[in-house]
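Visitor: I would like to know how the terms used for a structure like this are justified. Could you take me through them one at a time?

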Amino acid sequence: MANTDKNSYTVIFATVMVIVVGSLLAFTAASLKPNIKENERMEKQQNILYAMGINENEEGSINFISEDKVAEVFSTGVTEQIVLEYKDGAIVKEMSRDEFMKANSIEPYLIDVKKQQTRAKEGKSRFLPLFKGMQDNKIVYVAPIRGVGLWDAIWGYVALDKDMVVRGAYFDHKGETPGLGANIKQRYFMDDFYGEKLLTDAGVFKGITVAKGNNDPTNEIKDDYEVDALTGATITGDGVSAMIKKDLKLYLPYFQNLKNKS
Amino acid sequence: MEHLELFFKSVFIDNMVFATFLGMCSYLAVSKKVTTAVGLGVAVIFVLAITVPLNWLLDQYLLQPGALKWLGKEYIDYDLSFLSFIMFIATIATMVQLVEIIVEKFSPSLYNSLGIFLPLIAVNCAILGGSLFMQSREIASLGLAFNYGISSGIGWFLAILAIAAIREKIRYSSVPPALRGLGITFIITGLMGIGFLSFGGMLTGGDEEEKPATKTEAVIKKEDLKEDKKEIAKNTKTIQ
Amino acid sequence: MALLSKKDTKLITDPLTDNNPITIQVLGICSALAITAELKASIVMSIAVIFVMGFGNVVISLMRNVIPSKIRIIVQLIVVASLVIIVDQVLKAFAYPLSKTLGAFVGLIITNCIIMGRFEAFALANKPWRSFLDGIGNALGYGVILIIVGFFRELLGAGTLLGYQVLGDPITKTGLYAIGYENNGFMLLSPMALIVVGLIIWVQRSRNPALVEEN
């Protein structure tokens with residue numbers, strides 16, 4: 001038996017361990033990557049469709065369009081994908097899906113919001129994807145948002161009509177506390193957003209606040225710019241308010257344009 | 001100013017023990033005596049002060065999406081963030097093992113009283129939590145990361161000091177026999193946690209009406225721009 | 001011969017009661033606080049920990065004679081972390097919805113001090129089979145407390161169990177709510193988990209005075 005206290009043995013053991021574990025992890029990551037990518041792609045399609053109101057919901061539960069149908073439904077449900085290039089408070093360029101894919105060879109719905117936020121911080125322009133679809137014979141626009149909750153990242157998709165009134169929302173999180181912050185993923189929380197306005201009557205962006213001690217717990221008043229908070233999840237709720245205010249505000253010039261045109 | 005704010009925030013408002021309930025195991029088990037509690041508390045400050053900045057460097061130059069760009073343009077698309085857990089924990093474990101060797105050498109009595117809990121600093125969730133919060137809250141510079149590590153360590157230290165002092169006094173009270181020791185400690189910690197919840201109000205209470213409705217959109221936009229520019233300037237500074 | 005000798009059975013039953021990892025050994029508290037606001041999360045976490053503890057203990061026990069003592073902590077952590085990450089990746093590839101449920105627990109499992117604590121205290125000194133039993137036993141003991149705490153917190157805090165409204169509907173005022181009962185939202189906050197565990201310790205030690213601590 002080798003003397004396991006010797007320094008040379010320790011060094012050799014550590015080296016072997018690093019190589020074995022490293023290659024094992026790299027091998028799993030590499031060989032499973034296509035499957036994982038495919039799953040993530042389907043999830044994004046399901047989320048976007050969910051925000052538009054296309055889902056297989058039963059009472060109280062959340063059911064996405066099933067995996068075998070999602071690609072087909074996505075191609076018909078999302079009528080148009082556009083990408084806006086945003087810099088210093090203004091939209092400098094509007095691209096169709098084909099134009100964007102020619103330049104970046106990636107589908108607009110696969111744009112990584114986090115990467116774009118980092119780009120914006122570095123002072124570069126960022127891409128804002130927007131997905132158009134139909135709901136009750138009206139066009140809705142779905143925008144992705146992303147922020148930070150109590151423990152880690154939270155994100156979501158919000159469907160808006162041309163006046164920036166919410167027509168559906170989907171939120172998800174990486175690791176919020178189960179039973180507390182994780183409840184942003186519950187149907188009763190997401191459904192509260194339906195019908196809430198983002199703009200004041202004068203057209204100023206106000207956003208939606210997840211408010212504690214709200215006078216309207218069943219959320220019948222739709223023009224108070226508030227939804228009822230979740231018990232024991234103050235910081236997650238603040239994160240949701242913040243990402244709505246910050247990320248959806250970027251789309252304001254686009255919707256103003258839309259209004260001026262019509 | 002930024003440093004001072006982060007310091008107070010991490011010590012009191014985001015206190016590791018009472019706000020996020022991290023690092024509970026060693027907190028409950030090694031708080032019988034003030035002297036041992038101080039020993040462990042100092043060890044935690046030390047380990048946090050080293051691992052948070054170290055992991056900040058790892059995160060900036062290795063793990064983040066696009067972090068490898070210092071290697072050359074062709075590496076810009078690599079995203080190694082799935083390795084963050086294992087890298088962070090490896091750094092922490094290495095540092096803890098170093099601390100263990102040092103303490104064993106220079107203070108055998110402290111080493112003996114810390115017992116199994118010295119190696120357990122490695123899985124003290126407060127330590128990994130520190131690094132993960134540093135990552136998810138996007139701490140902007142190495143200096144701030146160091147500050148964050150030290151101040152969350154101090155927050156943890158204060159918490160364990162407080163409970164150890166209470167436990168030394170509570171020996172003179174007549175606690176029901178079955179609650180003596182661990183049971184009453186759990187309940188006291190729970191009550192302290194409820195007290196600390198009020199600090200959370202400090203964090204959110206003020207900014208509810210941050211933007212008065214009277215301001216016009218243009219003004220707000222200008223202010224936002226100014227803030228963005230400040231942030232850009234800050235980031236470019238750190239990059240350089 | 002029975003499948004388990006008397007000594008082996010003790011390895012499983014002891015942690016359930018008199019040597020419980022949470023109430024006696026004070027291990028794994030953080031995760032117990034973080035996830036017990038919901039019964040479902042408690043159950044999922046318990047099952048995950050049973051797997052990781054069982055297999056982790058076997059792996060460490062198999063390696064116990066070759067691990068250099070100076071770097072044993074790193075080795076142990078890397079074993080757990082890579083086990084968890086590999087399982088996480090496999091689930092992500094083949095059972096995506098399940099991996100979404102478990103995703104939040106990955107970090108908590110890696111830093112769960114029960115796992116490290118049992119590696120240090122048992123697996124480093126014992127044969128694989130016994131280590132396996134010890135791992136399963138301790139994980140079960142941990143799970144029992146988690147489920148008890150989760151049961152009370154969800155029932156009293158939200159009035160539901162596994163998401164079903166067992167006490168009636170608080171908004172339309174049916175069931176218990178019709179006679180004026182209210183949910184105690186306080187139960188959902190983490191400090192209450194500490195107090196519930198404290199009460200469990202009280203009950204446990206009243207029933208078995210041998211466990212009472214000297215002052």
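Guide: We can start where two chains meet. In this predicted model, the count of residue pairs in polar contact between chain C and chain B, both at pLDDT 80 or more, is zero.

Visitor: Which elements give two or more residues to the side of chain C that touches chain B?

Guide: They are helices H2 (29–35), H4 (72–94), H6 (106–110), H7 (113–121) and H9 (190–207) of chain C. H9(C) supplies the largest share, twelve residues.

Visitor: How do the residues of that side divide into nonpolar, polar and charged?

Guide: On the side of chain C that touches chain B, 27 are nonpolar, twelve are polar and five are charged.

Visitor: How many residues of each chain are in contact?

Guide: Contact joins 44 residues of chain C to 41 residues of chain B. Between them the two chains bury about 3,800 Å², and carbon and sulfur atoms account for 81% of it. As for salt bridges, the rule finds zero across this interface.

Visitor: How many salt bridges are there over all chains, then?

Guide: The structure holds eleven over all chains. One example is Arg41(A) with Glu38(A), whose closest N and O atoms are 2.9 Å apart.

Visitor: What makes Arg41(A) and Glu38(A) a salt bridge?

Guide: The rule asks for a side-chain nitrogen of Lys or Arg within 4 Å of a carboxyl oxygen of Asp or Glu. The closest N and O atoms of Arg41(A) and Glu38(A) are 2.9 Å apart, so the pair qualifies.

Visitor: Why are Arg41(A) and Glu38(A) separated by about one helical turn?

Guide: Because they are three residues apart in helix H1 (residues 7–52) of chain A.

Visitor: How many aromatic pairs does a search of the whole structure find?

Guide: It finds 21 over all chains. Phe171(A) and Phe189(A) form one, with 5.9 Å centre to centre and 50 degrees between the planes.

Visitor: Why is the pair of Phe171(A) and Phe189(A) called tilted?

Guide: Ring centres must lie within 6.5 Å to pair, and 5.9 Å meets that. Planes under 30 degrees apart count as stacked and those over 60 as edge-to-face; 50 degrees is neither, so the pair is tilted.

Visitor: Where in chain A are these two rings?

Guide: Phe171(A) is in strand S6 (residues 166–173) and Phe189(A) in helix H5 (residues 187–191), 18 residues apart, so the pair links distant parts of the chain.

Visitor: How many helices and strands are there in chain C?

Guide: Chain C has nine helices and two strands. From the N terminus on, its elements run α-α-α-α-α-α-α-α-β-β-α.

Visitor: What is the mean pLDDT of chain B, and what does chain C average?

Guide: For chain B the mean is 76, with 78% of its residues at 70 or more. Chain C averages 82, and 96% of the residues score at least 70.

Visitor: Which elements of chain B have the lowest and the highest mean pLDDT?

Guide: Helix H9 (residues 217–239) of chain B has the lowest, 48, and helix H7 (residues 142–170) of chain B the highest, 91. Over residues 204–223 of chain B, pLDDT stays under 50. Where pLDDT is low, the predicted coordinates should not be read in detail.

Conventions:
Residues numbered from 1 in each chain as written. Chains lettered and ligands numbered in written order. Heavy atoms only, no water. Contact = heavy atoms within 4.5 Å. Buried area = accessible area lost by both parts, 1.4 Å probe. Polar contact = N/O pair within 3.5 Å; in protein donor to acceptor, adjacent residues only side chain to side chain. Helix = DSSP H or I, 4+ residues; strand = E, 2+ residues; numbered from the N terminus. Nonpolar A, V, L, I, M, F, W, Y, C, P; charged D, E, K, R; others polar. pLDDT = per-residue confidence, 0-100. Phe/Tyr/Trp six-rings, centres within 6.5 Å; stacked < 30°, edge-to-face > 60°.
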